[in-house]
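Me: I am in my first year and still learning to read protein models. Could you take me slowly through one strand and the strands beside it, and explain each term as you go?

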Amino acid sequence: MSKAPSQIPADPTRDLAFDIVCGVVEHRRMLETTLDRSPLTDPRDRASAHRLAATVLRHMGSMTELLQPLLRREPPAPVRCALLMGVAQLRHLETPPHAAVGTIVSLLRRRGLAPFAGLANAVLRRVARDGDELAEGLDADRLDVPAWLWTAWGHRARDIAAGLHREAPIDLTLKPGAVAPEGGEMMPNGSVRFAPGTRVTELEGFEEGAFWVQDAAATMPARLLNISPGQSVVDLCAAPGGKTAQLAVAGAKVYAVEREETRARRLKQNLERLRLDAEVIIADALQWQPEEKVDAVLLDAPCSATGTLRRHPDVLWVKRPRDVLALAKDQDRLIDAAGAMLKPGGILLYAVCSLQDEEGPQRVAAAVKRGWVLEPFTAEELAAMPETLTKQGTFRTHPGMWAEQGGMDGFFAARLRKTA
Ligand SMILES: C[S@@+](CC[C@H](N)C(=O)[O-])C[C@H]1O[C@@H](n2cnc3c(N)ncnc32)[C@H](O)[C@@H]1O
């Protein structure tokens with residue numbers, strides 16, 4: 001006899017993970033959007049739901065392929081999502097088989113999908129028993145990346161895909177003179193690296209503002225601006241403020257421009273915790289102008305964020321090629337808006353956390369055609385990460401780099417000089 005819904009044990013973590021996965025698969029809804037809407041408040045439950053959903057999204061292509069021979073006909077999308085959660089628990093999260101199967105059967109019953117409970121029970125038991133055999137010969141790296149991205153990444157695709165299968169570590173940037181919290185690994189660029197999932201608010205020095213969270217690759221654009229104390233810098237698209245903090249530490253007069261009010265509030269809070277000074281301006285970078293022209297602009301432009309897929313695997317299945325083209329147009333506009341803020345001869349450091357050529361090298365080539373001059377980075381400037389210097393003198397990273405030490409986010413950066 002099937003259980004009445006009220007007798008089925010509650011499981012808010014898996015309910016939220018299910019909502020996240022279904023949101024991505026059925027509605028192309030970003031993971032954070034579902035998380036923001038969730039009434040679940042306990043931070044540990046939210047973190048567990050996030051981890052389960054992210055694991056599904058990270059391995060979705062290969063797990064879909066693994067399930068294929070076990071399904072006689074295509075199940076409804078929510079049932080497929082629940083099955084994928086079951087496979088993720090069994091094959092990637094080391095959940096004991098009875099729990100992995102039982103929790104998914106209960107989930108289906110709670111969510112009005114009881115007629116599929118038997119199917120889930122049979123399919124997941126089979127995966128628990130014969131999973132290794134079913135996975136044999138599957139090219140997980142290839143299957144877990146949508147075809148359009150695989151093609152766009154060219155010869156780097158396999159290395160990037162392998163990097164995406166690893167959970168991202170947590171990197172800290174230290175304030176000058178601060179002592180690194182215990183347990184971290186010092187990286188060649190000076191970042192201190194901790195294991196994925198580390199709770200930074202519990203690390204020594206957090207309250208005192210000794211550090212902020214920033215991927216090793218993300219530290220480079222602000223550094224490559226080579227700002228001198230007293231220079232004026234506009235940080236465009238600034239929240240949550242990792243790069244603003246670096247510019248403030250360098251002794252610049254910093255104007256941090258952010259369009260979203262809630263994100264600007266977070267930026268202010270971060271600066272307060274770090275006891276650093278910058279003028280935070282809530283404005284659209286396309287409209288705002290400083291009262292006086294500045295020496296430099298750092299533009300960390302809004303982008304497809306494919307460089308941060310390790311942390312945001314939903315982007316794999318939510319973004320489409322046309323999103324990249326639309327973003328590229330905005331990036332051109334932002335580059336020229338930055339030009340209007342600069343003194344003649346001023347420097348623009350253009351950066352995106354994207355792996356796509358359209359948002360990186362192609363934007364720089366287009367800017368050069370419009371009169372900007374590319375000022376190549378030197379080998380000395382990138383001595384800590386020599387593999388990131390391209391032939392053109394731009395900076396480029398991807399998640400397959402530093403593979404032995406846990407990888408890094410994908411970033412692109414170029415230095416452009418305003419001519420007149
Ligand atoms: C990639 S994040 C920036 C990360 C940030 N630079 C850092 O290092 O912490 C992009 C930010 O740009 C903001 N943004 C997007 N378009 C904008 C615009 N036209 N004007 C100002 N801010 C914008 C977004 O709200 C978002 O906070």
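Reply: What follows is a close look at strand E9, with some of its surroundings.

This is a predicted model, in which local features need a pLDDT of at least 70 and side-chain atom pairs count only at pLDDT 80 or more, while totals for chains, interfaces and linings use all residues. Residues are numbered from 1 along each chain as its sequence is written.

The pLDDT is the predictor's confidence in each residue, on a scale from 0 to 100; the protein chain averages 96, and 99% of the residues score at least 70. The model as a whole scores ipTM 0.98 and pTM 0.94.

The protein chain has 16 helices and twelve strands, where helices (H or I, at least four residues) and strands (E, at least two) are DSSP runs numbered from the N terminus. Its radius of gyration, taken over C-alpha atoms, is 23 Å, close to the 22 Å that the globule rule (2.2 Å times the number of residues to the power 0.38) gives for 420 residues, so the chain is as compact as a globular protein of that length.

Strand E9 covers residues 342–352, and eight of its eleven residues are buried. A residue is called buried if 20 or more other C-beta atoms lie within 10 Å of its own, exposed if 12 or fewer, and partly exposed in between, with the C-beta atoms placed from the backbone. Over the protein chain, 45% of the 420 residues count as buried.

Two strands pair if DSSP finds at least two bridges between them. Strand E8, residues 294–300, pairs with E9 in the parallel sense over six bridges, and within this pairing Asp-300 has Ala-351 of E9 as its bridge partner. Strand E12, residues 412–417, also pairs with E9, but in the antiparallel sense and over six bridges; here Leu-349 stands opposite Arg-415 of E12.

Asp-300 also leads to the ligand, for Asp-300 is one of the residues that come nearest among the 18 around the ligand, together with Cys-237, Gly-242, Arg-259 and Ala-285. A residue is near a molecule if its C-beta atom, placed from the backbone, lies within 6 Å of it. Helix H12 (242–249) and strand E6 (253–258) are the elements that give two or more residues to this shell.

For contrast with the buried residues of E9, consider Glu-387, which sits in the loop between strand E10 (373–374) and strand E11 (395–396). Glu-387 counts as exposed because it has 10 C-beta neighbours inside 10 Å.
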